[in-house]
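This briefing is intended to be read alongside the sequence and the model. Topics are grouped so that each can be checked in the viewer.

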Amino acid sequence: MLSPEERREIEAEFAHYPNKQAVSIDAMRIVQKHRGWVSDECLKDIAELLEMSADELDGVATFYNLIFRRPVGRHVVMVCDSVSCWIMGYDRLRRELTSRLGIQMGETTADGRFTLLPIVCLGACDHAPTIMVDADLHHDVDPQKLDGVLEKYK
Ligand code: FES
């Protein structure tokens, strides 16, 4: 069930778009901001508010990889696996991350601190390899730099 605050924030977006369906991504981001992820129940409630089916809204969520449809940790580490980062050391970086955090891609650490996910090009190819932690972009990330980066996120 959406909270009154979530509902209010979503409805406030209606004024900025030509129709309710166009608010899809913003609405899911609002719920994610409050809850960390978008559950099936929330998705259904949002869809109802936007006068669309839950399947249609889920389709939008599928194409937008910053909407989390499963619970995630306090911080989400997204590792770019597109071509420039691949060439500049993605695989070594991924191995360092999975080994330091003790999880595989798609998993969350036991203490709930980090979730590790792949992501497509972050638009900083000239500073590959790159990772994004929550909303922060980190570039030229090598294994030596990794501890300093992760340390910032408690
Ligand atoms: S390929 Fe990784 S930032 Fe572009």
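The points below cover the overall fold, the cores, the backbone and the surface.

The model discussed here is predicted. The protein contains 7 helices and 4 strands, and the domain assignment divides it into domain 1 (4–63) and domain 2 (75–151).

**Overall architecture**

- Along the sequence, the helices and strands follow the pattern α-α-α-α-β-α-α-β-β-β-α.
- The centres of domain 1 and domain 2, taken over C-alpha atoms, are 28 Å apart.
- The C-alpha trace spans about 50 × 35 × 25 Å along its principal axes.
- Of the 154 residues in the protein, 40% are buried.
- Among contacts with a separation of 6 or more, 61% join residues 24 or more positions apart.
- The accessible surface of the protein amounts to about 8600 Å², and carbon and sulfur atoms supply 53% of that area.

**Nonpolar cores**

- The largest nonpolar core comprises 18 residues, and Ile10, Met28, Val38 and Ile46 have the most contacts inside it.
- Helix H2 (24–35), helix H3 (40–49) and helix H4 (54–63) each contribute at least two residues to this core.
- The greatest contribution to this core is that of H3, with 5 residues.
- A second core, separate from the one above, has 16 residues, including Tyr90, Leu93, Phe114 and Val133.
- When residues up to four places away in sequence are set aside, isoleucine 10 touches Leu2, Val23, Ala27, Ile30, Val31, Leu49 and Leu50.

**Backbone features**

- Most residues other than glycine have a negative phi, and most peptide bonds are trans. The following items depart from that pattern.
- A cis peptide bond, with omega near 0°, links alanine 128 to proline 129. Proline 129 sits in the loop between strand S2 (114–119) and strand S3 (131–133).
- Aspartate 134 is not a glycine, yet its phi is positive, near 55°. This residue belongs to the loop between S3 and strand S4 (136–138).
- With a relative accessible area of 29%, aspartate 134 is partly exposed, because this value lies between the limits of 20% for buried and 50% for exposed.
- Aspartate 140 likewise is not a glycine and has a positive phi, of about 50°. Its position is in the loop between S4 and helix H7 (143–151).
- Aspartate 140 is partly exposed, its relative accessible area being 31%.

**Surface and the N-terminal segment**

- A nonpolar patch on the surface is formed by Val83, Ile87 and Met88, which together have about 340 Å² of accessible area.
- Methionine 88, one of the patch residues, lies in the loop between helix H5 (83–87) and helix H6 (90–101).
- Methionine 88 has 51% relative accessibility and therefore counts as exposed, since the exposed class begins over 50%.
- Methionine 1 is located in the segment before helix H1 (4–13). At 76% relative accessibility, methionine 1 is also classed as exposed.
- Methionine 1 is nevertheless in contact with Glu6, Arg35 and Asp45, leaving aside neighbours within four places in sequence.
- From methionine 1 to histidine 16 the separation is 15 residues in sequence and 24 Å in space, C-alpha to C-alpha.

Methods: Residues numbered from 1 in each chain as written. Predicted model: local features only at pLDDT ≥ 70, side-chain atom pairs only at ≥ 80, totals over all residues. Heavy atoms only, no water. Core = buried A, V, L, I, M, F, W, Y, C linked by side-chain atoms within 4.5 Å. Buried < 20%, exposed > 50% of the residue type's maximum accessible area, 1.4 Å probe, protein only. Contact = heavy atoms within 4.5 Å. Domains from an automatic or database assignment. Patch = residues over 30% accessible without salt bridge, like charges linked within 9 Å, V, L, I, M, F, W, Y side chains within 5 Å. Areas by Shrake-Rupley, 256 points an atom, 1.4 Å probe, with all protein chains shown as cover. Salt bridge = Lys/Arg side-chain N within 4 Å of Asp/Glu carboxyl O.
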